[in-house]
Structures are given as structure tokens and as C-alpha cells.
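I opened this notebook to record, step by step, what I looked up in one protein model and what I found there. My entries go from a single residue outward to the interior, and then to the surface.

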Amino acid sequence: MSTGAESERPSLTRYQFASYAAPAMPLAMNGLIIAVYLPAVYADAEGFGLALGFVGFLVMASRLFDGFTDPFIGFWSDRLRTKWGRRKPFLIIGTPIYMVGLWFLWIPPFEFSEVTFLGIEFNNGYPWLLGTLIFLYVGSTIKDVPYSAWGAELSTRYNERTLIMSWREAFSVGGSLVGALTPAIIFFWGYDKPSDAVYFLTWFIVIVTPIYILNSVYSVPEYDVTEARKARIPLRESIRVAWDNEPYRKLIIIFLFSTIGSAMTNTLSFFFVKHVLLAGDLYGFYLAPYFISQIIAIPLWFALSRRIGKHRATMVAIGWYSLWSCFIPVIAWMDAAHFTAFEVGALLSFLPEDSYASTMAYFEGIPTGKFIFFIAVMCLKGSAIGALSALPYAMAADVIDLDTARTGKKQGGAYFSIWTMTRKLAYALGLFVGANAAVFIGFNSLADPLSGENSATALLGLAILYSMVPALFKFVAMPLLWNYSLTEEKLAEIQAEIAARELEAGVAPNATAPGQPSPQGT
């Protein structure tokens, strides 16, 4: 609960929940294709054919540049005062930059080839990848850091914050689901390559992103800044204060290791399906049920968090995720003959003869038994992903109140800039580690899966890097969450203290009406 003037803010309507959360849908779609399809498109023999290890290095380099811009955007958005608010202008400015970078990353205007510059011969796809990623990430930072801070400021109520993040996570998973279903749908029209899916998804993202952003800016309020302390805090001190916030520091460490694990999984997933399960053409069929399981499970995790607290629910989710991760190398190791009962032909044997024959033509020559069993395990594992995304975000919104109680300032931008910087740098590190660890154990992403060039040891190592190693990274959170101190009761005490200080200072927050300028001044 919250007390004081801020508790008088009306609860958001369902339309406002949806309007705030909607931009997360195309954002997640792009996140999916970068996380999953960038290695597949740029470092696969049927894509641009670049080297997997070097692609991983370039992505890491672009993320390093991008990550260090986050604190500056967050710091700036905390201090900006305009009649439209302090967060919304960044969304309007960053969106077109983001879309230009997105378009040219996936739809380059020329074909990559070997070139010579200053006596050095190289494929011009490498500098193009680096340049477009940097452009994309700059636009993404400008809009996404203030967007996250804005969400944290929409409510002071403990459970309503979780609800806001759950709405956002639902749209995010929905976007991932659209991205996952697209390759499965277009497969039946003969588009079975990752580059085909990326092409259609890019068009969709470029069309819907500005629509959702403009609707969100118009329909969702941005509340005025009410701070007991008027003096501005320098950037360096702001970052130091954030790091001294113990619950936040724990969340950053948890998020760091969890994101490294997620990046490894996403980077290697296509290569696992293509080279270990020998079902690369069916990759889209794996993604769709995986994300459906996340959507179905989100209300269950939300209900659990209300009963036992966000940190305990997160611990349960980590345990559930890790349990099913252990089955993946076993599936890879077992012979395909053990999975005959799961073959598409066996599962669809009830169909009429003509329908059966036409359906089976799509799967001719593909060993589907092991693949379908793998999907079942991944749905159980994937049901935890929604909790591991939404709950830490909601917990991060809570720790900002602790900072406000200590400093008298509302520094959501600074906090979420460090959060997104951590995510980006950790993701870059995880992608680099995953890609290069796979190369180190002898895996060749450009090899024909049926050629036998990748040894059984390399393929088993790929399975372990894809599943068990990421689970170990997530387990780092367990001891940190066990004694997590910022419970619902503690947050209520902190918010009461904030309200008392603001009343002493003579400030009272007012909401900016949807579609109206904020009276904050300049």
C-alpha cells in the first residue's frame, strides 16, 4: 500500500495498462529476432555466412558502446522538465532512430562481399553489422530507458506495480509469440529460412511501433515530479547512491548473471535445433509453443507473488527453470529411436489418408520425434521465463522508493539506466561467451548438419552450453533472494516516510491528464 498524496492517484484503467504495455510488443519482437535470429542470419551458411565467433565479438562491441550511453540518457531524463513531461519526449525522439537502424540491420541495400581496404581484405558485412547495430541501439536507449522509468512511476502501490509489469510482460511475450509464430506460419508457403522470417517481422515492427508509441504517449498519464530535495545530484553521486542501495545492488547482480545465461540460450538455440535435433527448418514450431507457455503461466506467477512475495516467487521460478534445463542434454544424448512414439506421423495417424499424406509432405526427411519431445520439455521450462522477467522489473520499481526515502529525489531514470546497461552488457557478454565457447569445443555453425563434421562430443557440449550452463548462472540469485529485505510491509513503511517528507516540504503530486501538456514548466 501507499500513503499520503500519491496514494490519491487513481488506479490506471485497463486501456491505460494496455496502452503503456503495448510498445513492449514490437520491442520484444525485435529483441527476439536479434537474440535468436541474428546469429542464424549472419553466421549461418544459409544466411550471410559470416563467422560465428566474430559475429559474437561485434555484437559484444556494439553493446559495450550502447551500454555506457544508458546512464547519460537516464540521468538526463530524470532532470528534464518540459510541458509534455520528462519521459515522453525521449520516446518521440528515439523511435525514428531506432526504426532506421532496425530496417538496415535486417534489410541491407546491397549484397555482402569480400572487399579490400588499406590492404586488408574482409567481408563488408562485418562493418555493416557493427554500424547498424550501434545506430539501432542508440535509438533504443533513447526511448527505452525513459520508457522503463515511466512505468515505475505510474503507481506507488506494491501489487499494482507488479500488475503494470505483468501487463508489459504479457505484451512482451505476445510480441515474442508473434515473432515465434511467423516462421511457423510462413513455413507452409515455402519460406523456411531465418532470413525469410526476419524480413516479414521487420516490416511489421516498422509499421506498428510508431502507432503504439504515439498512443501510449497520448493515453497514459505522466505524473509530475514531486521531490522533497530540490538540489540536483551529480551523475557520479547518483550512480554511487544507487549502488549503495542494497536491495538494488542484489537485483543488479541477479539480473547480470541471469541475463548472461539467457543470452547463451538464445544465441545457441537455432544451432541446437538445426545441428543436434536435425530440425532447423522446424525452428519456428519450437518458438511458438515455448512463448505460449510463458503467456499462460504469467497469471499463475503473479498470483504466487501476491501470496509469498516477489522474491520468493522468483526463487521458485529459478528452481523450476533449472529442473527442466537438466533434461536437454539427455535428449541430445539419447538415440532418436527412443522417440519414435513422438514422430509427427505417429501423432497424426488419426487424420484421413489424403490429409495425412499432404501434411506429412512438409516434414519429409526431418526426424521429428526427438524435436517434439524437446518442445514438450521446453514448454515446461519456458513457463518460468515470464516470472524471471516481470518480477525482477517490479522489484526494481520498489527499490527506487527506498532511494527516494534516502535522497529526497525521484531517480527512476538513473536506476533503470543502470538496469538496462547491465542487461545490455550482460547480454553482450553472454552472446560472446556462448558463441565462442561453442567454437572452442569444436562446433562449426557453417557445417552441413548431416555431414558429420561436428563430432558427437561437440554436439553434446553445445547442448550443455545451451541449457545447463545458463541454469547455473541463474542459480546465483538463490542466496541473494533468500534474505531479500524489501517486502511489501517494508515498502509500505518507506512510502509512508516519503509521503511525510513531501508534506513537510509542501509538495503534492498531480497527474498530467492524458493528451494534455504537463504543468511542470521548463
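**Starting from one serine**

I began with Ser269, which I found in helix H10, the helix that covers residues 246-276. I kept in mind from the outset that this is a predicted model.

Is Ser269 buried or exposed? I looked up its relative accessibility, which is 2%, and therefore I noted Ser269 as buried, since buried means under 20%. I then listed what Ser269 touches, leaving out residues up to four places away in sequence, and the list reads Val36, Tyr283, Tyr286 and Tyr466.

**Following Tyr286 inward**

I picked Tyr286 from that list and looked up its own contacts, again setting aside neighbours within four places in sequence: Tyr286 is in contact with Ser269, Val273, Phe371, Phe374, Ile375, Met378 and Tyr466. I also met Tyr286 in the largest nonpolar core, which has 123 residues, and where Tyr286 is listed with Leu38, Tyr42, Trp106, Phe272 and Phe374 as having the most contacts inside that core. I noted a second, separate core of 12 residues, and Tyr20, Ala24, Leu154 and Ile213 are among them.

**The chain as a whole**

I stepped back and counted 22 helices and 2 strands in the protein chain. Of its 522 residues, 57% are buried. When I took the contacts with a separation of 6 or more, I found that 85% of them join residues 24 or more positions apart. For the accessible surface I wrote down about 21000 Å², with 67% of it belonging to carbon and sulfur atoms.

**A nonpolar patch on the surface**

I next looked up a nonpolar surface patch of about 1100 Å², whose residues include Leu181, Phe188, Trp189, Trp203, Ile211 and Tyr362. Which helices each supply at least two residues of the patch? I found helix H7 (158-186) and helix H8 (194-219), and H8 gives the most, with 5 residues. I checked Ile211, which is found in helix H8; its relative accessibility is 52%, so I entered Ile211 as exposed, exposed being over 50%.

**Last check: the cysteines**

How many disulfides does the count come to? I recorded 0 disulfides, a disulfide here being a pair of cysteine sulfur atoms within 2.5 Å. I also looked up two cysteines: Cys326 has 42% relative accessibility and so counts as partly exposed, while Cys379, at 21%, is likewise entered as partly exposed.

Terms used. Residues numbered from 1 in each chain as written. Predicted model: local features only at pLDDT ≥ 70, side-chain atom pairs only at ≥ 80, totals over all residues. Heavy atoms only, no water. Helix = DSSP H or I, 4+ residues; strand = E, 2+ residues; numbered from the N terminus. Buried < 20%, exposed > 50% of the residue type's maximum accessible area, 1.4 Å probe, protein only. Contact = heavy atoms within 4.5 Å. Areas by Shrake-Rupley, 256 points an atom, 1.4 Å probe, with all protein chains shown as cover. Core = buried A, V, L, I, M, F, W, Y, C linked by side-chain atoms within 4.5 Å. Patch = residues over 30% accessible without salt bridge, like charges linked within 9 Å, V, L, I, M, F, W, Y side chains within 5 Å. Salt bridge = Lys/Arg side-chain N within 4 Å of Asp/Glu carboxyl O.
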